[in-house]
Every structure is written in structure tokens, then in C-alpha cells.
Amino acid sequence: MDVVWFVVLAAFIFCIGAAGVLTRRNPLVVLLCLELMLNAGNLALVAFSRMVGNREGQVFALIVMVVAACEVVIGLGLIVAMYRRRLAIDVDEMRELSG
Amino acid sequence: MTAGGWGWLVVAFPLVGCAVVSLAWRWLPGRSAGWIASGAVLGSFGSAIGALAQLQDRPAHERTVVSSLFDYFHTAGVNVDMGIQVDPLSVFMALVVSGVSFLIHVYSVAYMSSDRGYARYFAYLNYFVFSMLLLVMAGNFVLLIVGWAFVGAASYLLISFWYRRTTATRAGLKAFVMNVIGDVGMVVGAFLIFRETGFLDYQHVFAATDHAFAVNDGTLVAACILFLVGAFAKSAQLPLHTWLPDAMEGPTPVSALIHAATMVTAGVYLIARLHPLFEQAPAAGDVAAIVGCATLLFAATVALVVTDLKRVIAYSTMSQIGYMIMGVGSFAYTAGLFHLMTHAFFKALLFMGAGSVIGAMGGEQSLDKMRGFRRAMPFTFVTFTVGALALSAFPPMSGLFSKDAILAFQLDRGGLYAVLAIVGYIAAGITAFYAFRMVFRVFFGDPVEQAASLEAGELWHGEHFNPATGEAEDTDVGFPGPEHHIAERERPMRAAMAPLALLSIVGGIVFIPGVTDVLERFLEPAFEDSRLAGQQPSVGAEWAGLVLGGMLSVVGIVAAWRMYVYRPGITLRIRDRLPRVHDFLLHKWYFDELYDALVVRPALAFGRFGQTVVETAFVQGVVIGGATSVVRAGTELARAIQNGYLRTYALVLVIGLSGLGLYFLLQSS
Amino acid sequence: MLLEQILFFVAAAGAIGGALGVVLLRNPFFSVLALVAHLVALALLFLLLNAEFIAAAQLVVYAGAVMVLYVFVVAYIGGVEDPLGGTGLVGRLGPVFAGALLAELTIAVVGSGLDALNTRGADIPAGFGSPGAIGKLLLEKFLIPFEAASFLLLVAAVGAIVLARRRRGLEEADADDMPDRAGRAPIGYPGGRAGAGEGDDEGPPPGTAEGLGDPTPVREPVTPEPA
């Protein structure tokens, strides 16, 4: 398979994830869509790494995975804290999280 | 010390006095602010005498000393120094100004002593003396105009000294605005002179006058007339005279100093100083003479009917300055300056006496309410009468010699000037009449209650009020103090009035025709380049004039005696018979109403137009409102993006990303 | 060759199907499961790209650990359904712009001048994506990112513990969470105090997670019955 197929697939998955972030209101699902976007990026990285013949893309993808894991951890911690406070689990209600 | 050094000291003393009083006033106990200020002016007087001595040591042709402290600016062809000119004219003026100012300061020490603004008063007064001395000692047009403007400012500050009185502040504004009109004339005139001759200091300008201008050259005449505008504004001549009677709102010593003896004489000094210019443009000199004559007649007629004591004296000042302007306009410099000196003496004396009377009246200034103070206030009576006699040119007072010096010179020149001189003689008779109108009305007749209580030993006290409008006042700062002072009870006041009385009597001694010519010889070096130098009426003609003048004054005094003492009530019947004449004179020939309609109302209407249309509608509405509403719309837009919704932010991100991608796509294709 | 293509299409279908499932399924639990399927498909795609280690890591770390976390949280919170298609302006414009983004990316990739994209890629040695090779890179060339990533993991772990800790112990799991700011102005409004309420002696130190959020409770507070 030509590399271009993988890259286009990655673009597709990325945009699906973006649409999900914009439309869903449950923060859990928003995080999941965010994961989608990250994975799409990983796919593109690995595909280009294969194209160039260099392993650096793969290492990059590995680090991205680590970062994604950290971000998920914090995000889920936030959602749990929100749930504990009896706050609405709705991204549109969370408007005053600044400061 | 050189003459130039003394000259600088003359100017420096009152400046230092003003600085000391204004900075240290909190720590100056009692009346010491007044004594410090008086001392400063005395120092000035002493320095003027020093300068005089230095000048007289020199031979007659070398009596003009120009001394410069530093270069003020030297740029683009304009060279101006911080320089003074010490010559007989400026020393004469400095002596008169500082001498009379000193006596008035001493008078004020007592007169203003219960006023809350005591130190402020003396600071202003010293500032005024400094400005006036700067004006007369200036050696170039720039310093002259600086001094001119300062004097106007000092006059404003002092007229509105009792600043909580609306009448006073309005009068101060009126004086200031008219003075500014004069200032504009001065500046434009100086500019014209500079443009044609290329110089701004007197020595160079006068040397260049004959080459730069033909006789009665248009530019020169225009410049001189502009200078005359300044002179008329400062000296309260027609048509810029309306501020002087209102300026009587200031304290009486201020009226004595500024509006009798010194500031209003600045116009006379100006014409005398710029005499080379005026002689090269005699048309302007004629304008000055005619205006002076018109003013003296006008003011004399109005002084016949006004009932406020200080205003009578104010119109008398206007009239006498008219004589002086007429004199220097006809190139009778020595005579005009002589009258300036004697007028300073007796007019200051008259104002001081009036201050004393007003103090006895508890602040009331109307002649209608005063009567019979002769026994209650003997000292004031004597000195006031001396002043009135000098004003009326009663022989052998100084006023006779000075006034007739002018008129004799004019008769000698003939033509237009003879006509003006005849008008001057007529007005001299009227002068004597109204001067003694004052004397007889105030001091003769049955004593009013204030005089009666004073005879009994009690200085009368009443409610404090504004003498012009009658409304009640308190005595805190900004209003006159609680106590009234009269000469009989205050030694400083008597110490000031006595020398003036003496000088009014014997002052004529410096210019008795055919006998002494002290003044003539002293001032001669300053005016030796005059075309009419050396032209003198014959001694016989002068004595004839003196006799005529003396007779006219006697006639006037006797007429006043008959109307006010012998058969009082005649004047009331005359007034009832000629109501329209009386009204015309009482309204000062309706000048104020004319100016109100011509100038004040259009200016106010313009201001109102500016406020409603330009300011409110245009600036506030369109410019500011437009700008703010644009900004507000922009911020509303920006605010809508920052609403806290996560999804909105994400949307903006995606939009931005797609926009960027589109851009790069387009760029690379 | 043919096998490769078939595998690619199968994996691609799985990936896209999983992605659509995440976005379109109502119940968040099903979304999680769809993502797991997606991750597995992605691992297959990695294998097709000779990135063996990455594929394994994807399965073990991502699908194994991270998704398990998700499952736990979804089980704890429960399913909150929200309407499909999104509400408001954002919900309608979102897919539009996402589609626009897709179009641009596709055009960019397909129309790019990169000839190498249309090949299978450069020649690679055997063991291209082997753990040994990746590990060597991690410890030599990419040591600092490696260490930084581990540091980041530590920070995230500490942060998660701080975020989710309880203050009063396990037995008051449900009762201790009365809204601290009942009846008072929300944080940031005038009269309100960010981070704590007046008279609250249990007030959290400012800056911690306890002070977050909008006070209106979604559920009725459960008050413990006096024992």
C-alpha cells in the first residue's frame, strides 16, 4: 500500500475526531474524541516514518502516546472531581473553570 | 556702582520683596509683610537716586546707558538682550513710580491691616511695582511688552483682590480683557517696527528710524497707531476706557497706585519713549492729541454727575491722563511728564483721602450719603482739599504749573493744537468745579450720623456690604477685613499723606517758567533728538497761560461753592430740568451699552453656539460618540468569542486551522 | 501484496467504524468500546507499516491501560446521554468546518508534490520497528524526550491523585460534597470569592480543584440520615 493511503486515512480520522469534539456535550466523550485525534496524528507519524525510512517518527509517536496517557489521566480526574461535587457533567455548563 | 547696576537694583528690589512676602508669609507676624514690601520699594527708590547721581555725573550728551544682563535670544536675525536703558526719562519715571509707590505701601500697611489677605496684597503690590519698573527701565521692545503684560496681570490681580465679590471679579476681567487688546496692538506694532528696521532695542531702532521710514510712512503710522491702541488701553483713553471706573472695585490704595499714579501713566511714558517714531509719523501724534483731548472733555463731563466718590476721582484721572496724552502727542514731552509727576502726587493724595473717608463711612462710597466730615476728620479734610486744589490748578499749586505747561506749549504750536488747548482750558474749569463738588459735598454741610459719631470719638461700624450692590458680606478672606481705618487714627496713613500734600503744594517749583528749569534741563538729554527741541513758548506767553488757568480754577471753585454750600439744591433742580442730559452723562455717554451690544453679546452668542453645536453635537456626539461606539462594537464582537464555552473555543480553533490550511493550499498551487 | 491490501482495508474499515462509533453513539460506554476497537485496528495498521513495537505499545498501553481507566470512570459516573448532532451554533457549524478541514487535508496530501508519498516508502532494514532499535534510539538520540516524558508521567500521576482525593475519608463519600457555595454568587461574580465560601471552616485552599465549578447542583444533595 502506498503511504498516501495511510495519511489520508489519518486525516479522515482526525476530522471525525474534530467533529466529535465540537458536537458532543459529555466531557468524557469529548476526551475520547480527543484521543481519536491524537491517534490519527500517531498514524500519520508512523506512516511518514515508514516513508522516509527513519525510526524517528515512531519514537515521536511513542512520546505522543505517553502524553496522551497523561492528559487522559488529568482529564478523567477532573471529571471525577466534577462528579463528586454534584456538578453537571456537561461541557456547556462548565463555563467558570478559570482562575 | 555704575548707572546700569543701579538700574538693575531698581528692578530687582521689588521682585525680591514679592518673592520674600509670597514665600514666607506664614511666618511674618502682624504687619511685617507690609513693612518688608515697603522696604523693598524704598530700596528701589534709593537705587533710582543712585542711578540719578551716576547719570548726572556724566556730561549731558552721554546720559544714556544701556546695560544688558545676558542675551535673551539671538536667532534668525532677531537679537534681543535682557537689557535696560538708564537715561533721564527712565530714571525720572523710576523715581516717580518708586517714590509714590513707597508712600502708598506705607499707607496700605495701616489701611489693609485687618484684611485676611494682607500678605497676598503686598506680594501683588510688589509684583506690580516690579512690573512697572521693568516697563520703564526696559531697553528694548520685548522687555517693554513683557513689563506691559505683567502690569496688566498685576492690575487684574489687584482689582479682583476681594475675589469673593462678583462685582470685583467682573471688573478685573473687564480690565484684563481691554488690556489684552492693548497688548495685541503693542505686539503687532513692535513687529512692524522690527520688520522694517530689523532691530528691537531702542537705540538701534531710533537710529534707523529716519532711514527706514519716510515722514508719515504708512507702515510707521500703522505701527504708531497700534502702539497708541496699547497706550489707550493701558491709560484708559477713549475708546478703551470703560475699565477704569469699574476698576475702583479694588482696594483704595490699589486705585491710588495703579489707577492714578503709575499704571495708567504707562501710555504717556510709551509715547514719550517712542518719540522718534511719533515725530517721524506726526499723523499718529495728532491722533494721540485728539484722542487725549476728547477723553479729557468726556471724562470731565461724566465726573460732574457720578455719585460714587472713587469713581469721580477715577474720571478725573482719565481726564488728567487725557491732558498728558494730549501733551506728549503734541510733542510737549517735558510738560507732559511734569504733569505726570504732579498728577501722581495729588491724585494719590486724593485717593488716600477718599480711603480715609470711606473708612469713616464704614465702607459706603456714595456721595449722596456723605456730608459734614469737616470737623470729624480735620487731617483728611486738609489733605483732601490740598489735593483738590492741586487738581483744580489753583495757584500756586503744582497742578497749575504742569497743566498750563502743556496748554501753553500747544497754543504756541498753533493750528490744531491751539484748538485742543482751548478745549483743555474749558475742561480745566470743569475740573475745578467737580473737584470741589467732591470737597463740598463730603466735608461741608450737616454731619451725617457717621461723622457725628466720629466727632463724638466713636468710629462708626455697620454691617459689611458691597458698596456697589448693597448686598451683605462677611469679613473672611476674599472680602474686606472687619475693621475700617482712617487717617486720624493711623500713623502710617498720615505719614504717607503728608509728604504727598507737601509735594502737591511745592512740586511746581521745578518748572516755573522763566525762573527755574530744573526739570527741563534734566530731561533734555532724553529728548534732544526731538524736532521741537528748544522750541519753547515765550516766558510771557507762559505766564499769560498761568494767569488764565488760575482764573479758570477760581471761577470753577466759586461756582462749586455757590451750588453746593451757599445754595444747596440748585444742582438737583438742574438735574430735574435736564433729565436726558443727566442720564446721558450718568451712563457715561452709553459707551458700556454700546460695547455690550457690539462685542459682548456677539461673543456670548458665539460661545453658546460653540457649546451647543460644536461641542455637544459634533464633538461629543460624532467624534467621541462615533469613536466609542466603534470601539464598543469591536469589543462586543471580541467578547462574544470569550464566552467560556469550551466548544466555542474548539470551533474557533478548527476554523482557524482550516483557514490556515486553505491559505497554504492556495499559496502553493 | 494482496493480503496486505485486504488487511489494510479491513483495518481501515475498523478504524473508521470505531471513530464513527465514538462520535455517534449515545451511551458513553459504547463510545469507549468503539474506541477500543478503533485502537486495535490502528495497531493492525501500525503492523502494516512495519512499526511492530509501536503496535505492541498501542495495544498494551493504550488499549490496555488507558482504556481501562476510561472504563472505570464511565462505570463510576454512569451514562449521561445527550442529544445527537450537538446544540446551538457550534454544533451545527462544527461538522461543517471539520469537513472543510478534511477536504483541505486530503487535497494537500493527494495533490502534494511529494513523490515519495506514492510509493511504499524507502527501503528499510529488517528489524525496522523492532523494540531493540527503538530502545536504542530512545536511550541515545532521544534520551532527553524520554526522560521528560517519564517526568511528565510522574507529574500527571501526582496531579491525578490531588485532583481526585477526598478530604474526609471514604465513609463520607457521598455526604461531604454538599455544594460549598449553595445560595451564594458563583465564583467570579461580584460578591463571590474565588475558591471558598464565607464561614466555611472546611474551605479549600485557593487554587485547588475543590473551588471549581458552578454551584448549581444537578442532583439533590444526599444528606446522611442521622444514625
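Chain B holds 26 helices and 2 strands, and the model you're looking at is a predicted one. Of its 669 residues, 52% count as buried. Look at contacts in chain B with a separation of 6 or more, and 80% of them come from residues 24 or more positions apart.

**A helix pair in chain B**

Let's start with helix H2 (residues 32-57) and helix H3 (residues 88-111) of chain B. Their axes sit 9 Å apart, and the two pack at an angle of about 160 degrees. Angles over 145 degrees count as roughly antiparallel, so that is the label for H2(B) against H3(B). As for handedness, H2(B) passes H3(B) in a left-handed crossing.

Which residues do the touching? On the H2(B) side they include Gly34(B), Trp35(B), Ala37(B), Phe45(B) and Leu55(B), while the H3(B) side has, among others, Pro88(B), Val91(B), Phe102(B), His105(B) and Val109(B). Sorted by character, the residues of the contact of H2(B) with H3(B) come out as 16 nonpolar, 8 polar and no charged.

**Helix H18 of chain B**

Further along the chain is H18(B), covering residues 416-443. Does its length fit what you'd expect, or where does it end up? With 28 residues at 1.5 Å a residue, H18(B) should span 40 Å, and its end C-alpha atoms are 41 Å apart, which agrees. Is H18(B) largely enclosed or largely open? The count settles that: 21 of its 28 residues are buried, so the rest of the structure largely encloses H18(B). Just after this helix, Gly445(B) takes a positive phi of about 95 degrees.

**Two loops with unusual backbone values**

Most residues other than glycine have a negative phi, and most peptide bonds are trans. Here are the exceptions in two loops of chain B, with the angle for each.

| Residue or bond | Feature | Angle |
|---|---|---|
| Ala236(B) | positive phi | near 55 degrees |
| Leu238(B)-Pro239(B) | cis peptide bond, omega | about -10 degrees |
| Ala393(B) | positive phi | near 60 degrees |
| Pro395(B)-Pro396(B) | cis peptide bond, omega | about -5 degrees |

Where does Pro239(B) sit? Look in the loop between helix H8 (218-235) and helix H9 (243-246) of chain B. Ala236(B) is found in the loop between H8 and H9 too. A residue is buried if 20 or more other C-beta atoms lie within 10 Å of its own, and Ala236(B) has 28 such neighbours, so it counts as buried.

The second loop runs between helix H16 (378-391) and helix H17 (398-413) of chain B, and Pro396(B) lies there. Ala393(B) is also in the loop between H16 and H17. With 29 C-beta neighbours inside 10 Å, Ala393(B) counts as buried.

**Where chain C touches chain A**

Now over to the other chains. How many residues of chain C are in contact with chain A? The tally is 88 residues of chain C against 71 residues of chain A. On the chain C side, the elements that give two or more residues are H1 (2-24), H2 (28-48), H3 (52-77), H4 (88-110), H5 (131-140) and H6 (143-164), each a helix of chain C. H4(C) gives the most, with 12 residues. By character, the residues on this side of chain C divide into 65 nonpolar, 16 polar and 7 charged.

Conventions. Residues numbered from 1 in each chain as written. Chains lettered and ligands numbered in written order. Predicted model: local features only at pLDDT ≥ 70, side-chain atom pairs only at ≥ 80, totals over all residues. Contact = placed C-beta atoms within 7 Å. Helix = DSSP H or I, 4+ residues; strand = E, 2+ residues; numbered from the N terminus. Nonpolar A, V, L, I, M, F, W, Y, C, P; charged D, E, K, R; others polar. Axes fitted to C-alpha atoms, helices over the stretch in contact; angles between N-to-C directions. Parallel < 35°, antiparallel > 145°, perpendicular 65-115°, else oblique. Left-handed = near helix turned anticlockwise from the far one by under 90°. Buried ≥ 20, exposed ≤ 12 C-beta atoms within 10 Å, placed from the backbone. Expected span 1.5 Å × (residues − 1).
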